[in-house]
Amino acid sequence: MKLLRYGPHGAEKPGLLDASGQLRDLSAVVADIAGDTLTPEGLQRLRALDPATLPAVPGTPRIGPCVGRVGKFVCIGLNYSDHAAETGAQVPAEPVVFNKWTSAICGPDDDVRIPRGSRKTDWEVELGVVIGRGGRYIDEADAMDHVAGYCVVNDVSEREFQLEGTGTWDKGKGCDTFGPLGPWLVTADEIADPQALDLWLEVDGHRYQDGNTRTMVFGIPFLVSYLSRFMSLQPGDVISTGTPPGVGLGQKPPVYLRAGQIMRLGIAGLGEQRQQVVQA
């Protein structure tokens with residue numbers, strides 16, 4: 001299934017994309033694409049529906065972030081060895097973990113706002129893993145049973161805030177609009193191998209990133225298990241799993257986003273995002 005949320009910011013409704021690409025309204029079935037809706041039991045309830053019986057949504061409404069009421073937005077840094085190399089960092093011995101604040105979350109086609117004082121706002125296409133079954137101390141062998149599905153994430157990053165000041169990476173990662181999610185959540189049963197997905201990103205038509213999830217340093221089962229050592233994972237939590245090479249920081253010389261530019265990015269089978277860059 002392809003699950004999504006549509007409508008004005010803060011008032012999104014739950015929806016489903018049927019096999020013909022028609023958006024269907026799920027409001028009479030579930031309150032949101034969030035929480036218990038994403039558990040195995042919740043998803044099975046949706047699978048039992050005949051999409052043709054759901055109201056068709058007319059027009060082209062705004063598409064919101066594909067998961068609502070996200071509790072944790074956990075990210076993994078330097079998880080592609082070639083990306084680590086382009087940034088001058090060593091491949092980590094264990095996952096580098098940081099957070100995006102949930103206030104960073106926005107829709108896949110919403111504007112991305114360059115923060116005031118920013119000189120180095122950058123892009124990162126990433127595979128997002130959405131938790132469906134909660135748990136802690138999850139065995140790696142069982143980790144995929146805890147995954148509801150996958151989505152496209154743009155891990156927008158301000159490099160000066162992230163790397164050149166004092167404190168943590170989080171300052172440069174969690175600015176408003178720095179976490180576009182979607183366009184939809186594709187349930188895990190529809191993705192044969194999440195470790196074999198092409199992912200790409202363009203700015204103003206120039207392709208900077210062109211990679212595949214097979215080159216992750218730490219795969220999805222390990223990441224889910226690893227994170228569950230340090231926190232309980234809950235339905236609707238999002239894990240952003242790292243980016244392939246081609247970020248602005250890695251260009252020679254570095255290239256950063258400017259107001260008026262357009263980012264396009266996507267992952268095979270998971271859809272595409274398009275954002276205009278504006279000044280906050």
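Let's start with Arg-69, an exposed residue with a relative accessible area of 63%. Arg-69 is found in the loop between α1 and β4. Its backbone stands out too: phi is near 50 degrees, a positive value in a residue other than glycine.

One note before going on. This is a predicted model. The average pLDDT of the protein is 97, and 100% of the residues score at least 70. Where is confidence lowest, and where is it highest? The low point is α2, with a mean of 80. The high point is strand β9, residues 125-131, at 99. As a reminder, where pLDDT is low, the predicted coordinates should not be read in detail.

Back to the backbone. Tyr-137 also has a positive phi, about 55 degrees, and Tyr-137 is not a glycine. Tyr-137 lies in the loop between β9 and β10. With a relative accessible area of 57%, Tyr-137 is exposed.

Next, the cis peptide bonds. One joins Gly-182 and Pro-183, with omega about 25 degrees. Pro-183 sits in the loop between β12 and β13. Another runs from Lys-252 to Pro-253, with omega near -5 degrees. Look for Pro-253 in the loop between β16 and β17.

Now the sheet. How many strands form it, and in what order? Nine strands, in the order β3-β2-β1-β13-β10-β9-β16-β4-β5. The sheet is open, and the pairing is mixed. β3 and β5 stand at the edges with a single partner strand each, so one side of each has no neighbour in the sheet. On average, neighbouring strands are turned by 30 degrees against each other, direction ignored.

Take one pair from the sheet. β9 and β16 run antiparallel and pair over three bridges. Gly-128 stands opposite Ser-240 in β16.

On to charges. Side chains of opposite charge can pair when their charged atoms come close. This structure holds 21 salt bridges. I'll show three.

First on my list, Asp-237 and Lys-72. Their side chains meet in a salt bridge at 2.9 Å, N to O. What does this pair tie together? Asp-237 lies in the loop between α5 and β16, and Lys-72 in the loop between α1 and β4, so the bridge links parts that are 165 residues apart in sequence. Buried or exposed? Asp-237 is buried, at 1% relative accessibility. Lys-72 counts as buried at 19%, because the cut-off is under 20%.

Next, Glu-12 and Arg-5. The closest N and O atoms of this salt bridge are 3.7 Å apart. Glu-12 is buried, at 14% relative accessible area. Arg-5 is buried as well, at 7%.

Then Arg-207 and Glu-202. Here the closest N and O atoms are 3.0 Å apart. Arg-207 is partly exposed, at 36% relative accessibility. Glu-202 is buried, with a relative accessible area of 12%.

Some salt bridges share partners. They join Arg-5, Glu-12, Asp-32, Arg-62, Arg-69 and Asp-110 into one network. So we meet Arg-69 again, as part of that network, and it is a residue with a positive phi.

Last stop, Ala-93. Ala-93 is found in the loop between α2 and β5. At 79% relative accessibility, Ala-93 counts as exposed. How far is its C-alpha atom from that of Val-217? The separation is 9.4 Å, although the two residues are 124 residues apart along the chain.

Methods: Residues numbered from 1 in each chain as written. Heavy atoms only, no water. Helix = DSSP H or I, 4+ residues; strand = E, 2+ residues; numbered from the N terminus. Buried < 20%, exposed > 50% of the residue type's maximum accessible area, 1.4 Å probe, protein only. Salt bridge = Lys/Arg side-chain N within 4 Å of Asp/Glu carboxyl O. pLDDT = per-residue confidence, 0-100. Pairing = 2+ DSSP bridges. Axes fitted to C-alpha atoms, helices over the stretch in contact; angles between N-to-C directions.
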